[in-house]
Amino acid sequence: MRMKELVSKVLFVDLIKGLSVTFKSMVSHAVTEQYPKERSKIYERFRGEPRMAVDENGKTKCIACNLCAMNCPVGCITVEAERDPETKKRVLTRYVFDMQRCLFCGFCEEICPVNCIQLTTDYEMSQYDRKDFVLELNELEKGMEKIKYKK
Amino acid sequence: MEFLLVVVVKIVIILAFISLGVAYLTYLERKVIGHMQVRLGPMRVGWHGLLQPIADGLKLVIKEDIIPTQSDKLMFILAPVICFLHAFLVYTFIPFDGPKGFWGYGGYISDVNVGLLFIVAIASVGVVGIILGGWASNSKYPLLGSLRSVAQLVSYEVAMGLAIMGPILLAGSLSMVDIVKAQEKMGVWFFVPQIVAFIIYFICGVAETNRAPFDLPEAESELVGGYHTEYSGFRFALYFLAEYANMITVSAIAATVFLGGWLMPFPSILGPYLSFIPGFVWFALKVFFFLFVYLWIRATFPRYRFDQLMAIGWKILLPLAIANLLVTSFIILYLKM
Amino acid sequence: MDEVKNINKTNFAEEFVDATEELVLNMGPQHPSTHGVLRVILKLHHEKVVDLDCDIGYLHRGVEKISETLSYKLAAPYMDRLDYISAVSNNLAYIETIEKLAGVEVPKKAQYIRVILTELARISSHLLWLATHALDIGAMTVFLYCFREREEILNIFEMVTGARLTTNAFRIGGLPQDVPEGFEKAVKDFCEILPGRISEYEALLTKNRIWLARTKNVGVISPEDAIAIGLTGPSLRGSGVKWDLRKAHPYESYNEFEFDIPTGENGDTYDRYLVRLEEMRQARRIILQAIDGIPEGDFTAKVPKVLKPPKGEVYHSIEAPKGELGFYVISDGSTKPYRVKIKGPSFYNLQALKKMCLGHYVADVVAIIGTLDIVLGEIDR
Ligand code: SF4
Ligand code: SF4
């Protein structure tokens with residue numbers, strides 16, 4: 001047994017085994033993706049950039065129930081509403097979403113009774129300026145303006 | 001007058017060629033290791049990233065030059081230059097092609113009768129640059145790195161020197177050209193009769209150039225960057241180039257001394273078909289082979305610890321090299337008698 | 001310290017150069033191999049460590065305090081960020097503690113899926129450990145190979161929970177939603193490729209002489225010391241102590257699965273390496289059993305919208321990839337916890353660093369930090 005070990009050590013058997021693994025990988029295909037050119041498959045449940053849904057008339061679906069703001073661990077949603085004197089319903093006046101603080105936990109999306117706030121599969125959310133991360137309702141409806149990597 | 005012109009032209013060609021080779025060696029390294037790691041390596045600059053080394057070089061040149069305030073300024077500036085200079089100086093004595101090569105002008109800048117000795121000597125002066133760099137940075141990590149480097153180079157130099165004594169004995173000359181000619185005459189390249197010396201030389205060569213698995217002086221996971229931690233920009237590039245030039249040197253010596261330099265393999269079989277290929281192509285192929293093994297090893301193996309590295313150098317390689325030297329000389333003596 | 005001096009004295013050569021000064025070396029907080037922002041202050045004699053001190057807290061975010069200000073449900077995403085390498089396990093530990101506190105019974109189906117996801121997290125955590133550990137010792141290809149497999153796991157997480165790293169995978173009472181279509185296939189496909197990939201790492205490392213030289217007899221810790229310091233997880237099992245909460249106090253129907261607890265013999269870095277590799281294989285075994293046996297039923301129990309657990313306190317711990325992860329929660333009967341205390345394995349494992357490092361070389365410190373498998377997010381919380 002000792003002899004065998006010695007022979008395999010002198011003949012570099014252990015090292016050659018490792019070398020063969022790397023060589024095999026060298027002639028196999030790469031598994032990386034060339035990011036800006038190829039984009040990976042994003043699963044439907046991915047929690048990315050927030051969006052607010054609109055109804056057929058282009059009006060927001062939000063009923064200003066404030067559940068999302070209450071269910072947010074970091075408090076990054078601000079809902080401001082007024083009571084409509086005629087219909088006695090609450091009407092949304094301002095909706096602010098601060099993406100800098102968001103954990104992308106998905107609680108807001110889960111709790112919303114009308115499926116208005118949603119976390120979409122968009123994942124390219126970089127901006128040059130901090131204030132571009134604070135989204136107002138209109139930005140949330142059409143998606144934030146993006147800086148695209150060119151080339 | 002013509003002699004001088006030829007030499008100058010040769011120097012320019014070889015210098016340009018080596019500089020380009022060094023630049024593209026970094027590219028090769030990134031590509032080969034990338035593919036071994038199931039990724040692609042550089043892809044964005046030029047076709048398949050072919051212009052990457054040039055972009056990198058440009059970036060390093062135009063980067064801000066930082067000299068730490070606490071450093072020894074003169075030494076700090078001088079150190080990378082020393083390292084770089086000696087790495088490139090050795091190419092004077094390396095025969096890229098036979099005496100009839102380069103269209104009759106001789107495939108080397110000069111053939112000195114102590115060529116090999118000279119190369120080994122100059123190559124080890126480079127270490128001064130490393131020590132100075134580490135010391136002049138006046139910082140702990142570079143200091144540790146450079147101290148390791150000195151210890152490593154000194155101990156491996158010995159085994160390496162003894163290893164190449166074997167082929168020298170066989171050839172009976174220190175001149176690089178004569179060593180190749182001796183291999184031609186013998187009909188077999190020296191790595192066959194001198195297989196032990198060949199392996200020892202290669203291991204020492206890897207250690208000499210601070211490459212994995214002996215890259216302790218610059219082990220990034222322990223010493224961050226080793227002796228060049230404080231260097232940036234162009235000075236860093238000089239160190240970097242020197243390291244890669246040293247890799248090529250070691251490979252070139254290995255190719256010359258053990259693999260028959262510019263000679264063609266199996267001349268009796270391939271001779272009639274491939275004789276149109278000039279010698280320096282064969283030489284380049286052999287060097288390329290060694291460089292590939294270098295990269296391959298780097299991609300595969302973990303790194304030794306410092307005391308283990310010393311133990312291997314002094315306790316295994318050195319006795320083996322001495323034994324090899326003794327056996328070789330006895331056999332030569334016996335054959336002569 | 002004295003111990004170390006004695007080691008030095010036995011060496012004849014070093015006695016003569018003992019006049020040299022000791023070098024104080026700051027390793028970190030910005031250092032490539034301290035796995036985050038750990039600062040280790042080393043006192044070196046030549047290159048040998050004679051004293052060592054850890055400085056932690058660079059990543060302190062006050063998670064415990066934050067969770068006191070939030071309702072039970074809302075604190076869950078914060079727990080993902082403790083040991084961000086296996087977010088699912090953290091989440092499980094927290095959610096289970098709250099369930100225990102509130103007396104919620106989780107349906108079997110949810111339990112099985114939780115087991116699958118946490119075992120996947122265990123594999124992914126061990127893969128990342130192997131990747132960084134090997135990289136610290138210089139084998140950089142293993143790093144990328146491990147990431148290749150981890151990517152598959154992250155894809156499964158993304159598919160099921162919607163995020164790759166900070167998954168927020170479970171809710172009090174079960175799961176947020178049922179697993180999507182294709183989940184079973186994805187998990188099975190991954191289990192299919194895993195053994196081949198592990199043998200690839202083994203070919204690169206297990207028998208490699210350099211790897212052996214770097215890990216054998218490095219960072220040895222005896223079973224007694226390991227228990228005294230409070231090591232848990234693979235670091236403890238590497239010393240030969242057969243202690244695994246999945247077997248000792250089974251939670252989430254772990255008692256229904258068959259698996260072994262690998263242990264080491266010498267308690268050195270190499271043994272811990274083997275233990276973790278074997279744990280990956282065992283985790284795969286559990287996943288395969290669970291995925292075939294997912295029962296029918298609900299994915300969540302009925303839990304009131306506003307959870308008000310009764311007054312009381314509870315401690316619950318699980319076997320996270322890095323060791324025992326426990327939560328101690330006190331409820332005062334309101335919607336928010338009165339106190340949340342986290343017992344993270346990395347913090348306890350880090351305590352062994354000094355014991356393991358003394359008398360070793362600087363290079364070994366790096367290997368030992370790697371073998372302890374610490375995550376600073378959990379130590380500093
Ligand atoms: S995803 Fe979570 S953190 Fe972000 S806004 Fe919604 S609830 Fe708040
Ligand atoms: S939960 Fe939905 S409907 Fe309610 S305020 Fe938020 S976005 Fe509007």
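**Spaces, a patch and salt bridges in a predicted model**

Trainee: Which helix gives the most to the lining of the largest cavity?

Mentor: Helix α9(B) does, with seven residues. Please keep in mind that this is a predicted model. Other helices of chain B take part as well, since α3 (73-89), α4 (115-136), α5 (140-171) and α7 each supply at least two residues of that lining, as α9 does.

Trainee: What makes a space a cavity rather than a pocket?

Mentor: A space is called a cavity because a 1.4 Å probe fits there but cannot get out, whereas a pocket is an open set of points. Six cavities of 30 Å³ or more are counted by this rule, and the largest cavity holds about 270 Å³ of space. Its lining consists of 25 residues, with Ala123(B), Leu153(B), Glu208(B), Thr209(B) and Asn246(B) lying nearest the centre.

Trainee: How many residues of each class does the lining of the largest cavity have?

Mentor: In the lining of the largest cavity there are 16 nonpolar, six polar and three charged residues. Of the residues named above, Glu208(B) falls in the charged class because Asp, Glu, Lys and Arg are counted as charged.

Trainee: Turning to the open spaces, what volume does the largest pocket have, and which residues lie nearest its centre?

Mentor: The volume of the largest pocket is about 1800 Å³, and of its 50 lining residues Lys9(A), Val10(A), Phe12(A), Leu15(A) and Arg209(C) lie nearest the centre. Helices of chains A, B and C supply at least two residues each to this lining, among them α1 (2-10) of chain A, α12 (306-336) of chain B and α9 (209-215) of chain C. The largest share, eight residues, comes from α7(B), and by class the lining has 36 nonpolar, four polar and 10 charged residues.

Trainee: What volume has the second largest pocket, and which helix supplies the largest share of its lining?

Mentor: The second largest pocket contains about 990 Å³ of space, and the largest share of its lining, eight residues, comes from α1(B). Among the residues nearest the centre of this second pocket are Thr26(B), Glu29(B) and Tyr244(B). Its lining has 18 nonpolar, seven polar and 11 charged residues.

Trainee: Why is Val61(B) called partly exposed?

Mentor: Val61(B) has a relative accessibility of 49%, and the term applies because partly exposed covers what lies between buried, under 20%, and exposed, over 50%. The residue lies in helix α2 of chain B and belongs to a nonpolar patch on the surface that also includes Trp47(B), Leu58(B) and Phe234(B), with about 880 Å² of accessible area together. Val61(B) therefore also meets the patch requirement of over 30% relative accessible area, given its 49%. The largest share of the patch, four residues, comes from α2(B).

Trainee: How do you know that Asp129(A) and Lys131(A) form a salt bridge?

Mentor: Their closest N and O atoms are 2.9 Å apart, and the pair therefore qualifies, the limit being a side-chain nitrogen of Lys or Arg within 4 Å of a carboxyl oxygen of Asp or Glu. In general, side chains of opposite charge can pair when their charged atoms come close. As to exposure, Asp129(A) is partly exposed because its relative accessible area is 32%, while Lys131(A), at 59%, passes the cut-off of over 50% and is therefore called exposed.

Trainee: Why are Glu149(C) and Arg148(C) called buried?

Mentor: Glu149(C) has a relative accessible area of 0% and Arg148(C) one of 11%, and both are called buried because the term means under 20%. These two residues form a salt bridge as well, with the closest N and O atoms 2.8 Å apart.

Trainee: What makes Arg237(C) and Glu319(C) a salt bridge?

Mentor: The N to O distance between their side chains is 3.0 Å. The pair links distant parts of the chain, for Arg237(C) lies in helix α11 (residues 234-237) and Glu319(C) in strand β4 (residues 312-320) of chain C, 82 residues apart. That distance of 3.0 Å is within the 4 Å limit, and the pair is therefore counted. Arg237(C) is buried, at 0%, and Glu319(C) is buried, at 2%.

Trainee: Which residues are linked with Arg237(C) and Glu319(C) in a network of salt bridges?

Mentor: The network also includes Glu119(C), Arg122(C), Asp244(C), Arg246(C) and Glu279(C). Over all chains, the structure holds 41 salt bridges.

Key: Residues are numbered from 1 along each chain as its sequence is written. Chains are lettered from A and ligands numbered from 1 in the order in which they are written. This is a predicted model: local features need pLDDT of at least 70, side-chain atom pairs count only at pLDDT 80 or more; totals for chains, interfaces and linings use all residues. Side-chain values use heavy atoms; hydrogens and water are left out. On a 1 Å grid over the protein atoms alone, a cavity is a set of points where a 1.4 Å probe fits but cannot get out, and a pocket is an open set with protein on both sides within 12 Å along at least five of seven lines; lining residues have an atom within 4 Å of a point. Grid points are joined across faces, edges and corners, and a volume is the space filled by probe spheres set on the points. Patches are made of residues with over 30% relative accessible area and no salt bridge: like charges are joined within 9 Å, nonpolar side chains (Val, Leu, Ile, Met, Phe, Trp, Tyr) within 5 Å. Accessible areas come from the Shrake-Rupley method with a 1.4 Å probe; for residues, only the protein chains shown count as cover. Buried means under 20% relative accessible area, exposed over 50%, partly exposed in between (1.4 Å probe, protein chains only).
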